[in-house]
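Colleague: Please take one part of this model and look at it closely. Then walk me on from there to its surroundings.

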Amino acid sequence: KIFLPSEVSTFTTEFVPLVPGESTVTHGSYALSVEDVAEVRLSSLDYPIPTPANPNLVVLGSPLVVEVKSGGTAPATITLPLPSSPNVDPSAIGIYVLDGQEWRALGGTLQSGVITTEITDLSALIKQGKAVFATLGTTCNPCSGTAFNKAYSYPGARTAVVLVHGA
């Protein structure tokens, strides 16, 4: 399955030179801070990307494209907006980076409508001058309603086992 650019809001910043003391580029709730000299640009998607292979893992909000013209070899901090999403487990939300055709978890800390993660080496995530970061969360479809589903039937069994999902 493919996540299309038409599904997200669009924006692009100019390439911004980052230096110690002025090391952050922002757009709304999106932010990137780099601990060394770098020239970077933030933008929304302008090309399709794969959705996560796990059908219970969903992209929340608009992914962020980080382009690096120079530098970016030091630690960095990425902040993304955290949209409210029904049926998404708040304890299973994180920032991910698209690595080829797969999403790789980077972790994240939730606070005040955003999620932030620390990256030890931004350049390790940059492929062909750019990287795609997104907030992903695990959906919990059984959390949205109650239903009895027969998961297994043992031939000749006269006992029922009922499993209750929840915290």
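Modeller: Glu-67 has a relative accessible area of 14%. The cut-off for buried is under 20%, so Glu-67 counts as buried in this predicted model. Glu-67 is part of strand E7, which covers residues 57–71.

What touches Glu-67, leaving aside its neighbours within four places in sequence? Phe-15, Gly-129 and Lys-130 are among its contacts. So are Glu-39, Val-40, Arg-41 and Ser-43.

Lys-130 leads on to a pocket. Lys-130 helps line the second largest pocket. About 200 Å³ of space lies in that pocket. Its lining also includes Tyr-47, Leu-98, Gly-100 and Leu-125. Lys-127, Gln-128, Ala-131 and Val-132 line the pocket as well. Strand E13 (residues 130–139) gives the largest share of this lining, with three residues. By type, the lining has five nonpolar, two polar and two charged residues.

Now to another strand. Strand E4 spans residues 30–34 and is mostly covered. Four of its five residues are buried. E4 pairs with strand E3 (residues 24–27) through four bridges, and the two run antiparallel. His-27 has Tyr-30 in E4 as its bridge partner. Two residues sit between the strands of this hairpin. There, Gly-28 takes a positive phi near 60 degrees.

E4 has a second partner to describe. Four bridges join E4 to strand E8 (residues 76–81), again antiparallel. Here Val-34 has Ala-76 in E8 as its bridge partner. In a regular strand, side chains alternate between the two faces of the sheet.

Technical notes
Residues numbered from 1 in each chain as written. Predicted model: local features only at pLDDT ≥ 70, side-chain atom pairs only at ≥ 80, totals over all residues. Heavy atoms only, no water. Buried < 20%, exposed > 50% of the residue type's maximum accessible area, 1.4 Å probe, protein only. Contact = heavy atoms within 4.5 Å. 1 Å grid on protein atoms, 1.4 Å probe; cavity = no way out; pocket = protein on both sides within 12 Å on 5 of 7 lines; lining within 4 Å. Points joined across faces, edges and corners; volume = space filled by probe spheres on them. Nonpolar A, V, L, I, M, F, W, Y, C, P; charged D, E, K, R; others polar. Pairing = 2+ DSSP bridges.
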